[in-house]
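Hi everyone, thanks for coming. Have a look at the sequence and the model while I get going.

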Amino acid sequence: MTVLSKPTKRLKRRRRVRAKVSGTAVRPRISVFRSNRGISAQLIDDERGHTLVAVNWTEAELRESSGSEQARRVGTLLAERAKAAGIESVVFDRGGYQYHGRVKALAEGAREGGLAF
């Protein structure tokens, strides 16, 4: 029996989710990255391999807040930018993280901003 580290287990979950979830130009994929310091998300068209919209926690209006409030702001800002790009519906890719805490707050913020998933 092998012992897997936390990052290795997350990458296994991430690959399993990515095998089932794919984004298109009409319905792109929200890819979430969570670190100890912040959270970022981007909308990806997997057919072309292009990032359509991106939001990072290092942006000026997001840097002051932390935790779930920062994640919620990232979600709403992502939704605003997606609306400006003409995107209404998306597929959510949690990136191997649990749908809990900051990842859940980001998803709820995106829904509040008007994205449907």
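I'll take the sheet, then two helices, then two residues around helix α2.

One thing up front: this is a predicted model, so keep that in mind as we go.

Okay, the sheet. In what order do the strands of the open sheet sit? Reading across, we get β3-β2-β1-β4, four strands with mixed pairing. At the edges we have β3 and β4, each of them pairing on one side only. On average, neighbouring strands here are turned by 25° against each other, if you ignore direction.

Let's walk through the pairs. Start with β1, residues 29-34, and β2, residues 39-45. Those two run antiparallel and are joined by six bridges. A hairpin of four residues takes you from β1 to β2. If you want a spot to click on, find V32, which stands opposite A41 in β2.

Next, β2 and β3. They're antiparallel too, with five bridges joining them. Here you can click on Q42, whose bridge partner in β3 is A54.

And then there's β1 with β4, which is where the parallel pairing comes in: three bridges, in the parallel sense. The residues to look for are R29 and its partner in β4, V91.

Now the helices, and α3 to begin with. That one covers residues 67-84. How far apart should its ends be? With 18 residues at 1.5 Å each, α3 should span 26 Å, and its end C-alpha atoms are indeed 26 Å apart, so the two agree.

Which residues of α3 are buried? The list is Q70, A71, V74, G75, L77, L78, A79 and A82. If you're puzzled by the spacing in a list like that, remember that an α-helix has 3.6 residues a turn, so residues three or four places apart point the same way. As for what those buried residues pack against, we have β1, β2, β3, α2 and α4. After α3 comes G86, with a positive phi near 85°.

On to α4, residues 102-113. We can do the length check again: its 12 residues should span 16 Å at 1.5 Å a residue, and the end C-alpha atoms are 16 Å apart, so that agrees. The buried ones in α4 are R102, V103, A105, L106, A107, G109 and A110. Their cover includes strands β1, β2 and β4, along with helix α3. There's a glycine after α4 as well: G114 follows it, and its phi is positive, near 115°.

Last bit: two residues around α2. R63 is in helix α2 itself, while S65 is in the loop between α2 and α3.

Is R63 buried or exposed? At 52% relative accessibility, R63 counts as exposed, because the cut-off for that is over 50%. Setting aside neighbours within four places in sequence, R63 is in contact with W57 and T58. R63 and F117 are 54 residues apart in sequence, and their C-alpha atoms are 27 Å apart in space.

S65 goes the other way. Its relative accessibility is 12%, and buried means under 20%, so S65 counts as buried. The S65 side chain reaches the backbone oxygen of L62 at 3.3 Å. Leaving out neighbours within four places again, S65 is in contact with Q70 and R73. Q70, you'll remember, was on the buried list for α3.

That's me done, so over to you for questions.

How values were computed: Residues numbered from 1 in each chain as written. Predicted model: local features only at pLDDT ≥ 70, side-chain atom pairs only at ≥ 80, totals over all residues. Heavy atoms only, no water. Expected span 1.5 Å × (residues − 1). Buried < 20%, exposed > 50% of the residue type's maximum accessible area, 1.4 Å probe, protein only. Contact = heavy atoms within 4.5 Å. Pairing = 2+ DSSP bridges. Axes fitted to C-alpha atoms, helices over the stretch in contact; angles between N-to-C directions. Polar contact = N/O pair within 3.5 Å; in protein donor to acceptor, adjacent residues only side chain to side chain.
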